[in-house]
Amino acid sequence: MKRIGIIFGGRSGEHEVSLLSAASVIEAIDRHKFEVVMIGITKSGQWKLYEGDSSAIPCGAWECAAEDISVAQLPSLADFMFPVLHGPYGEDGTIQGLFEMLDLPYAGCGVLSSALCMDKVSAKKIFEEAGLPTSRYKLVYSEDLDTRMDEIIAEIEAELPYAMFVKPSNMGSSVGISKVRNGEELREALLLAAQYDRRIIIEEGIHCREVETGVIGNHRPEVAAVGEICAKLDFYDYTAKYTEDAGTEITVPARLPKLTYEKIRSLAKEAYRACDCSGFARIDFFVDKNTGEVYINEINTIPGFTKYSMFPVMWNEMGVGFTELIERIVEFGYERYYAKNNRQTVR
Ligand SMILES: Nc1ncnc2c1ncn2[C@@H]1O[C@H](COP(=O)(O)OP(=O)(O)OP(=O)(O)O)[C@@H](O)[C@H]1O
Ligand SMILES: [Mg+2]
C-alpha cells in the first residue's frame with residue numbers, strides 16, 4: 001500500500017488554516033487504498049512526525065506528541081508527498097523543489113508554476129501574454145519610495161483611477177494589502193506593502209462579484225463548478241476568509257448568466273495551462289458588477305481544503321466527492337512524476 005505523506009502547518013501566516021485543511025484531508029483519505037503518514041512543520045520550521053489522532057491537529061496539540069525528524073528522512077517515511085500548506089514555504093515552489101531534489105512524487109503544481117502563481121506581478125505578466133483579461137496595474141519598487149514617493153504617486157494617479165488595491169507582489173492571505181481611495185491612503189498603503197516585499201503591485205479596483213473555480217489534471221485539465229463568495233466586509237481579507245462567523249457566504253453554483261459562467265470555466269483552463277499548473281489549483285475571478293466583464297485575479301496552487309472550502313465544494317457539485325478528489329490528485333502527481341522520469345531515462 002502506498003504511504004501518502006500529508007504535510008501540514010509550516011512557516012507561514014497561514015499555519016492554522018493549513019492545520020484545518022490537513023485534518024479534513026487526513027479524515028477523507030481512503031485507508032483501504034493508502035496509508036497516511038502525518039508530517040507537521042512547526043511555525044519555526046521544525047519538521048515532525050505525528051502518529052496520534054488527527055483530531056489533535058487543528059488545535060496545535062499534535063506538536064507535543066510528535067517526534068523531530070529531518071527532511072533527509074522523508075523518502076524513508078512516505079512514497080508520495082501531499083503538501084497541504086498555504087502561503088510562503090509551501091505554496092511558492094520551495095517545498096516542491098525539495099521534493100524534486102529528494103526524487104519524491106508529490107501532489108499539485110511543480111516548482112515553476114507554484115512560484116509563478118505566488119508572485120502577483122509575474123502571474124499578471126503571464127496572464128497578459130496569454131491574452132487573459134486581468135485588471136490594469138502598475139509595478140513599483142520599495143527602494144524607490146524613499147527618494148521618489150511624490151513622483152510615484154503622481155505617476156500612479158495619472159494611469160489608474162481610484163479606488164485602487166495596493167499589494168506586496170509575493171505574499172498571500174491578503175497580508176499587506178490595502179484598498180485606497182486617495183493620495184494619502186495610497187502613500188500609507190505603499191509603505192505598508194513595502195514591509196513585505198520589494199516589488200509592489202497597484203491594481204485598478206474592480207467593483208465586482210468574486211467568483212472562483214477549481215481545476216484538476218495535468219495535460220488535459222478538468223474544470224469544476226463555479227462558486228461565488230459574498231463577503232460582508234469591505235474586501236475579502238484574512239479575517240473574512242478564515243473566520244467562520246465573519247459573514248462570508250459561498251454559493252455553488254454561482255448565479256451567473258450561462259455565458260459568463262462558461263466563460264469563467266474556459267478562462268480557468270487557459271490560465272491553468274498558461275502558468276504550467278499540474279495536479280490541482282483554484283482560479284479566482286472578478287465579475288464587474290456594472291459591465292459583466294470577467295477578470296482573472298489569481299491562481300492559488302494549494303487552495304483551502306477543509307470540508308467547507310470552496311475547492312472541494314465546487315468539485316462536489318460536479319459529483320466528485322472529497323475522497324475521490326484527493327485520490328485523483330494523487331494519481332495526477334504520480335502521472336507527472338512517471339512522465340518526467342521516463343523522459344529523463346530517454347535522454
Ligand atoms: N483589483 C481588485 N479589484 C477589486 N477587489 C480586489 C482587487 N484586488 C483585490 N481585491 C480584493 O482583495 C482580496 C484579496 O486580494 P488578493 O486575492 O489579490 O490577495 P491574496 O492575499 O493573494 O489572497 P489569497 O489569500 O486568496 O491568496 C480579493 O479577494 C478581493 O476581495
Ligand atoms: Mg485571493
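Start by selecting Asp276, which is partly exposed because its relative accessible area is 48%, between the 20% limit for buried and the 50% limit for exposed. Keep in mind as you click around that this is a predicted model. Asp276 sits in the loop between helix 9 and strand 13 (279-288). Look at its backbone: phi is positive, about 55°, although Asp276 is not a glycine.

Now jump to Asp103. You'll find this residue in the loop between helix 3 (94-101) and helix 4. Here, too, phi is positive in a residue other than glycine, with a value near 60°. Is Asp103 buried, exposed or partly exposed? Partly exposed, since its relative accessible area is 44%.

**Zoom out for a moment**

Show the whole chain as a cartoon. You should be able to pick out 11 helices and 14 strands. Along the principal axes, the C-alpha atoms fill a box of roughly 60 × 50 × 45 Å. For a compact globule of 347 residues you'd expect a radius of gyration near 20 Å, and the protein has 20 Å, so the two agree. Buried residues account for 54% of the 347 residues. If you look at contacts with a separation of 6 or more, 66% of them join residues 24 or more positions apart.

**Helix 5**

Next, select residues 120-129, which form helix 5. Colour Lys120, Val121, Ala123, Lys124 and Phe127, and you have marked buried residues of this helix. Why do they lie on the same side of helix 5? Because they cover an arc of only 160° around the axis.

What do those buried residues pack against? Try showing these partners one by one:

- helix 4 (111-118) and helix 9 (258-274)
- strand 6 (137-141) and strand 7 (164-168)
- strand 9 (199-204) and strand 14 (294-300)

Before you move on, click Gly131, just after helix 5. Its phi is positive, at about 75°.

**Helix 6 meets helix 7**

Select 142-159 for helix 6 and 183-194 for helix 7. When two helices pack, people describe the pair by the angle between the axes and the distance between them. For helix 6 and helix 7, the angle is about 145° and the axes are 11 Å apart. Turn the view until you can see helix 6 pass helix 7 in a right-handed crossing.

Now show the side chains where they touch. From helix 6 come Ser142, Leu145, Met149, Asp150, Ile152, Ile153, Ile156 and Glu157. On the helix 7 side they meet Gly183, Leu186, Arg187, Leu190, Leu191 and Ala194. Sorted by class, this contact has 9 nonpolar, 2 polar and 3 charged residues.

**Two cis peptide bonds**

Carry on to the loop between helix 6 and strand 7, where Ala163 is found. The peptide bond from Tyr162 to Ala163 is cis, and its omega is near -5°.

For another cis bond, go to the step from Val252 to Pro253, with omega near -5°. Pro253 belongs to the loop between strand 12 (249-251) and helix 9.

**Last stop: Thr260**

Follow the chain into helix 9 and select Thr260. This residue counts as buried because its relative accessibility is 13%, below the 20% cut-off. Which residues does Thr260 contact, leaving aside its neighbours within four places in sequence? Show Val287, Gly292 and Val294, and you'll have them.

Notes: Residues are numbered from 1 along each chain as its sequence is written. Chains are lettered from A and ligands numbered from 1 in the order in which they are written. This is a predicted model: local features need pLDDT of at least 70, side-chain atom pairs count only at pLDDT 80 or more; totals for chains, interfaces and linings use all residues. Side-chain values use heavy atoms; hydrogens and water are left out. Buried means under 20% relative accessible area, exposed over 50%, partly exposed in between (1.4 Å probe, protein chains only). Helices (H or I, at least four residues) and strands (E, at least two) are DSSP runs, numbered from the N terminus. The arc is that of the directions from the helix axis to the C-beta atoms. Contact means heavy atoms within 4.5 Å. Axes are lines fitted to C-alpha atoms, for helices over the stretch in contact, and angles run from 0 to 180 degrees between N-to-C directions. A crossing is left-handed if the near helix is turned anticlockwise from the far one by less than a right angle, and right-handed if clockwise. Ala, Val, Leu, Ile, Met, Phe, Trp, Tyr, Cys and Pro count as nonpolar, Asp, Glu, Lys and Arg as charged, and the others, Gly among them, as polar. The radius of gyration is taken over C-alpha atoms; the globule rule is 2.2 Å times the number of residues to the power 0.38.
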